[in-house]
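User: I am new to this and want to know how such labels are earned. Can we go through a few of them?

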Amino acid sequence: MVWRWKRRDVGRPALLSWRRRGIRRRGQRPLRPRDPAVKLYTHISDRYAPFHVTVIAATANEAAQVLDGLLHHDSALDIREHRTDAGGVSDHVFALMHLLGLRFLPRIPNLDDRRLYAFEPRSRYGVLGPLLSDRLDRGLIESHWDEVMRVITALRAGSVKAALIMTKLAAYPKQNGLARALREIGRIERTLAALDWIGDPDVPRETTEELNKGESRNVLARVVSFHRLGRFRDCGHESHCHRAAALNLVTAAIVLWNTRYLGRALDHLLQAGERFDEQLLRHLSPLGWEHINLTGDYVWSSDVIRGADGMRPLILSP
C-alpha cells in the first residue's frame, strides 16, 4: 500500500513573523525587542511540503508575494489552485491568477460587507441588486487588453518578478489605465469567488482545511527553529534567506520521514487484518514531532538496525 494524499497540487502560504535584534542607525529609533522585523512567506502544497519561501519586511504587502512562489519554484509541482488568507487578497491578484490559468480560492472574511460587481444595471438582477456595487467597465478592459497580455507574458517568461509588478500596480494613481483594467478583471473574479463561497459549502470547508495545514506547519517550524531562541540576529537579507531555506529543508525532511513511516504503519494494520474507515486517512498529518529528538546530542551511527528496505522497524508496543 502506498499512502498518498489526494493530489490536487494546491498552493497556500504559511506566514511566519520572526524577531531579530534591534539595530539602531543614526537618526533612527531602535526596533523594540518584541517587534517582528521580518516575515517568511512560505508556499506549501496540499501534501504539507514547502516549495518556496520569501523573506519580506514585517510591513510588506503580502498580496504582492503570492504569485512569485507559484510561477517560479524549483519543485515538480504543477500548481492549479491557490488558497490564502485575507492578507494575500487584492483585485489585482484575482485578475492575474485568472489570466495565468490558476484558480484562486481565498478565505473571504466579513462576507456581509462584501459587494458584488456586474456589467448590467442593478435592476437586471432582482434580489441581488442591493448587493451590487459600481458597474464594471467593459470598454476599459478592452482598450487595455494588449497591455494586460504583455504583463501576463512577462510574468510567464520570468522577465520581471510578480512582486515588483504588483507593487507598481498598487502604487499607481487611480487614473492609470492598466491598473484600472486589471482591477476590473479582478472584480469579476472576486464576484465569482464570492458566489462560489456562498453557493458551494465545500469551498469554505476545503479552504479552511487547507489553510489549517499551513498553520500546523507554522507550529512545526517554530519548534524546529530553536537556535538563538528562534531569532534572526543576522543583519543581511542573504543570511535571512539562507536560514529560511534551511528551515524549509528541515521541516520537509520531517514531513517525508513521517509520511513514509505512517505508510508502513498502515500497511502493517492491513496485513494484520485490521479494518478502518479509509476516509479517516485524509485527517492524518505528517507534522508530528514528539518522536523526534530536536535537541541534545546528534549521533550518526551505522549500528542502527534496518530492514531490507533500509527502513527502521516499526515500534509496535506502546
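User: What comes just after α2, and what phi does it take?

Analyst: Gly 101 comes just after α2, with a positive phi of about 80°. Helices here are DSSP runs (H or I, at least four residues), strands are E runs of at least two, and both are numbered from the N terminus. This is a predicted model: local features need pLDDT of at least 70, side-chain atom pairs count only at pLDDT 80 or more, and totals for chains, interfaces and linings use all residues. Residues are numbered from 1 along each chain as its sequence is written, and side-chain values use heavy atoms, without hydrogens and water.

User: Why is Gly 88 called buried?

Analyst: Buried means under 20% relative accessible area (exposed is over 50%, partly exposed in between; 1.4 Å probe, protein chains only). Gly 88 has 1% relative accessibility, so Gly 88 counts as buried. Its place is the loop between β4 (81-82) and α2 (91-99).

User: What does Gly 88 touch, leaving out residues up to four places away in sequence?

Analyst: Contact means heavy atoms within 4.5 Å. Gly 88 touches Glu 62, Ala 63, Val 66, Val 93 and Phe 104.

User: What makes α2 mostly covered?

Analyst: 8 of its 9 residues are buried. Among them are His 92, Phe 94 and Met 97. The cover includes α1 (66-71), α4 (145-157) and α6 (177-199).

User: Which residues does Met 97 contact, leaving aside neighbours within four places in sequence?

Analyst: Met 97 is in contact with Val 66, Leu 67, Leu 70, His 82, Leu 102 and Phe 104.
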